[in-house]
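Q: Here is a structure I have not met before. Please go through it with me and give the reasoning behind each label.

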Amino acid sequence: MSSLSSSSRSLHRLIYCSRSLLKPEGFAEAVEAIIRTSIRNNRRDNVSGLLFCHAGWFLQALEGSSLAVQTALGRIGSDPRHEAVKVLGAGPAETRLFREWDMCARTLSMVDDEVANTLERRGPFDPGLLSAASATRLLSTVRDVRADAALRIVA
Ligand SMILES: Cc1cc2nc3c(=O)[nH]c(=O)nc-3n(C[C@H](O)[C@H](O)[C@H](O)COP(=O)(O)O)c2cc1C
């Protein structure tokens, strides 16, 4: 195997934030629509990820081959439902941290509120100021809260 093919197959993670342009009315439905498309495309391209929305911001992790992640980011970047897309970090990753798009879709609003309440206490939320490591930690917390909420729904 050439090094080119092994590097194109190795795992990459990219984290970006953006400003939502979604209107408050129909917000939940609009996010559901984004997630439906994302699940379909990301499964096809073997991309995993997690999307967090709070205070007019999106924060998203994308994991997959470098090509798949860049291709997804290209589509996402030209989407008129948000603006000011800023990549907080990108590079090789050891393991996938965000596998479960389905789980996110099912429990999105409820658990995001739970995390949001914690963030509110720290002052205005501006993910553009987060380091890649802090953004990854925040998304990992969202993931864990969602996993817990999903288990509670199933139980
Ligand atoms: C905040 C945000 C996050 C998105 N995340 C993804 C994603 O992870 N994967 C994806 O394929 N599309 C994502 N999209 C949707 C894309 O921007 C685009 O609408 C979609 O990829 C078009 O796919 P289609 O041509 O198959 O309909 C996202 C859009 C927004 C606004």
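A: The model is predicted. A starting point is a polar contact of 2.8 Å between the side chains of serine 18 and histidine 82.

Q: Why is the pair of serine 18 and histidine 82 called a polar contact?
A: The two side chains are joined at 2.8 Å, and the cut-off for a pair of N or O atoms is within 3.5 Å, so the pair counts as a polar contact.

Q: What makes serine 18 buried or exposed?
A: Serine 18 has 0% relative accessibility. Buried means under 20%, so serine 18 counts as buried. Serine 18 belongs to strand E1, residues 11-20.

Q: Which label does glycine 91 get from its relative accessible area, and why?
A: The value for glycine 91 is 18%. The limit for buried is under 20%, so glycine 91 is buried. Glycine 91 is in strand E4, residues 82-92. Its C-alpha lies 9.5 Å from that of isoleucine 15, although 76 residues separate the two in sequence.

Q: What makes glycine 64 buried or exposed?
A: At 1% relative accessibility, against a limit of under 20%, glycine 64 counts as buried. Glycine 64 is placed in strand E3. The C-alpha atoms of glycine 64 and glycine 49 are 8.8 Å apart, with their positions 15 residues apart along the chain.

Q: What is the make-up of the whole protein chain?
A: The protein chain has 5 helices and 4 strands. Their order along the sequence is α-β-α-β-β-α-β-α-α. Of the 155 residues in the protein chain, 45% are buried.

Q: How many aromatic pairs does a search of the whole structure find?
A: The search finds 1 aromatic pair.

Q: Why is the pair of phenylalanine 52 and phenylalanine 125 given its label?
A: The ring centres of phenylalanine 52 and phenylalanine 125 are 6.2 Å apart, and rings pair if their centres lie within 6.5 Å. The planes stand at 80 degrees, and over 60 counts as edge-to-face, so this pair is edge-to-face.

Q: Which parts does this pair tie together?
A: Phenylalanine 52 lies in strand E2, residues 48-54, and phenylalanine 125 in the loop between helix H4 (101-120) and helix H5 (132-154), so the pair ties together parts that are 73 residues apart in sequence. Both phenylalanine 52 and phenylalanine 125 are buried.

Q: How do you know that the charged end of arginine 19 sits over the ring of tryptophan 57?
A: The charged end of arginine 19 is 4.3 Å from the centre of the tryptophan 57 ring, and the distance limit is within 6 Å. The label also needs an angle within 35 degrees of the ring normal. Arginine 19 is listed as sitting over the ring.

Q: Which side chains have polar atoms at the ligand, and at what distances?
A: An N or O atom in the side chain of arginine 75 is 2.7 Å from a ligand oxygen atom. For arginine 81, a polar side-chain atom lies 3.1 Å from an oxygen atom of the ligand. For serine 38, the distance is 3.3 Å, to a nitrogen atom of the ligand. The protein buries 81% of the 620 Å² that the ligand exposes when taken alone.

Q: Which elements give two or more residues to the shell around the ligand?
A: They are helix H2 (27-44), strand E3 (57-65) and helix H3 (66-77). H2 gives the most, with 6 residues. The shell divides into 7 nonpolar, 6 polar and 4 charged residues.

Terms used. Residues numbered from 1 in each chain as written. Predicted model: local features only at pLDDT ≥ 70, side-chain atom pairs only at ≥ 80, totals over all residues. Heavy atoms only, no water. Polar contact = N/O pair within 3.5 Å; in protein donor to acceptor, adjacent residues only side chain to side chain. Areas by Shrake-Rupley, 256 points an atom, 1.4 Å probe, with all protein chains shown as cover. Nonpolar A, V, L, I, M, F, W, Y, C, P; charged D, E, K, R; others polar. Phe/Tyr/Trp six-rings, centres within 6.5 Å; stacked < 30°, edge-to-face > 60°. Buried < 20%, exposed > 50% of the residue type's maximum accessible area, 1.4 Å probe, protein only.
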